[in-house]
Amino acid sequence: MPERHKELFHYTSITALKGILATNSLWATKTTHLNDQSEMELIWPSMRKQVFEEYKAEILDYVQRFPEVKGTFAELGGVDQIAQEEASKWVGEMHLKLVGDDETPSIAPQYVVSFATHSSDSLRDEYHRNNGMLSQWRAYGGNEPVAIVFDAAGFHELLLEEDARFLYWPLLMAVVTYLERDLILEEYFPDLFDSLRTCARNFIEPRDGDFLQDVLPKAYEQASVACARLKHYGFHEEQECRIVAGATTGPLRERLSAEGTETQRSVKEVHHRCGRFGPIPYVALFDELGQDLPINRIIVGPSRDQAAHYEAVRRLVMNRGIPVQKSETPYVGSA
């Protein structure tokens with residue numbers, strides 16, 4: 001991804017910038033507390049449909065090879081009904097484990113840090129790279145907006161070190177896919193749909209010897225990644241890239257340790273900050289690595305006090321040699 005998007009733009013406030021510089025960390029927010037209420041939910045209808053089709057094909061193949069069971073399947077409601085019920089049940093169980101509900105917590109809740117990319121060759125993105133995007137200035141930063149411009153390749157190196165120290169499930173940096181009406185999800189998440197087909201092959205007759213140890217966990221992890229990468233089309237102008245961090249829970253780590261697949265890495269601690277509607281869970285990425293974040297420059301957003309904000313940010317980063325520039329967008333914000 002760093003080859004496609006060399007810089008990542010994180011829109012925030014000067015107050016938040018001070019904390020980021022002081023701790024050399026970014027707070028990844030739990031997906032249930034982001035401003036898109038469809039987070040983690042858009043992939044499931046397509047998965048149910050795919051699993052239904054695969055289950056149906058497996059049942060029909062089984063009946064063709066063993067005609068004597070045809071009557072039994074008919075008594076149970078027929079091929080379509082059986083496939084529909086079993087697909088809904090299996091995908092529902094996966095959804096419960098990955099997303100959770102009020103009574104059942106997720107086995108690895110997803111936490112996200114969002115960036116805009118502004119990486120195309122268009123005149124619009126060229127302007128955004130130098131001055132930021134007006135909709136982002138309006139949405140983030142309040143009366144003291146800034147855009148921290150990060151080096152994507154530098155983030156890649158930090159993520160490798162973070163992953164070596166803490167047990168995430170998963171930890172990755174990925175471009176967001178926006179769900180358009182005619183979008184064919186299998187083209188964007190081929191590994192997930194291949195795993196769903198493999199799982200369906202084991203519906204009636206177990207065919208993969210390591211199904212429970214290998215195939216099924218792989219399908220769960222791929223579904224978790226797809227959930228976190230798929231967003232509603234209404235947000236498409238953000239051209240978002242995000243860090244996705246699955247903060248592994250204690251029970252999952254115990255299971256992995258019992259299987260002998262994980263013994264060294266620590267579970268990342270979940271913190272809470274105050275929000276308008278209550279506590280917001282987050283994890284602090286990179287906070288224990290002891291390295292400066294890869295900041296290329298900082299853009300001070302438009303406001304009535306832009307000149308004062310520019311001087312304040314310049315003083316903040318003076319000792320780190322980070323360039324600071326003003327956005328030329330003539331937006332003054334709210335009074």
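**Close-up views of two pockets and a helix**

**View 1. The largest pocket of this predicted model holds about 1400 Å³ of space.** Its lining is made up of 40 residues, and those that lie nearest the centre of the pocket are Tyr 11, Thr 12, Thr 29, Tyr 140 and Arg 273. Several elements give two or more residues to this lining, among them the strands β1 (7–13), β2 (26–30) and β3 (110–116), together with the helices α1 (14–23) and α6 (134–139). When the lining residues of the largest pocket are sorted by class, 17 are nonpolar, 16 are polar and seven are charged.

**View 2. The second largest pocket contains about 410 Å³ of space.** Here 20 residues form the lining, with Arg 4, Val 175, Val 176, Thr 177 and Tyr 178 lying nearest the centre. The strands β5 (168–175) and β6 (177–179) each supply at least two lining residues, and β5 provides the largest share, which is three residues. By class, the lining of the second largest pocket includes nine nonpolar, seven polar and four charged residues.

**View 3. Helix α4 runs through residues 79–98.** From its first C-alpha to its last, this helix of 20 residues reaches 28 Å, which is close to the 28 Å expected at 1.5 Å a residue. Which residues of α4 are buried? They are Val 79, Ile 82, Ala 83, Ala 87, Trp 90, Val 91, Met 94, His 95 and Leu 98. An α-helix has 3.6 residues a turn, so residues three or four places apart point the same way. Just after α4, Gly 100 adopts a positive phi of about 80°.

Methods: Residues are numbered from 1 along each chain as its sequence is written. This is a predicted model: local features need pLDDT of at least 70, side-chain atom pairs count only at pLDDT 80 or more; totals for chains, interfaces and linings use all residues. Side-chain values use heavy atoms; hydrogens and water are left out. Helices (H or I, at least four residues) and strands (E, at least two) are DSSP runs, numbered from the N terminus. The expected span of a helix is 1.5 Å times one less than its number of residues. Buried means under 20% relative accessible area, exposed over 50%, partly exposed in between (1.4 Å probe, protein chains only). On a 1 Å grid over the protein atoms alone, a cavity is a set of points where a 1.4 Å probe fits but cannot get out, and a pocket is an open set with protein on both sides within 12 Å along at least five of seven lines; lining residues have an atom within 4 Å of a point. Grid points are joined across faces, edges and corners, and a volume is the space filled by probe spheres set on the points. Ala, Val, Leu, Ile, Met, Phe, Trp, Tyr, Cys and Pro count as nonpolar, Asp, Glu, Lys and Arg as charged, and the others, Gly among them, as polar.
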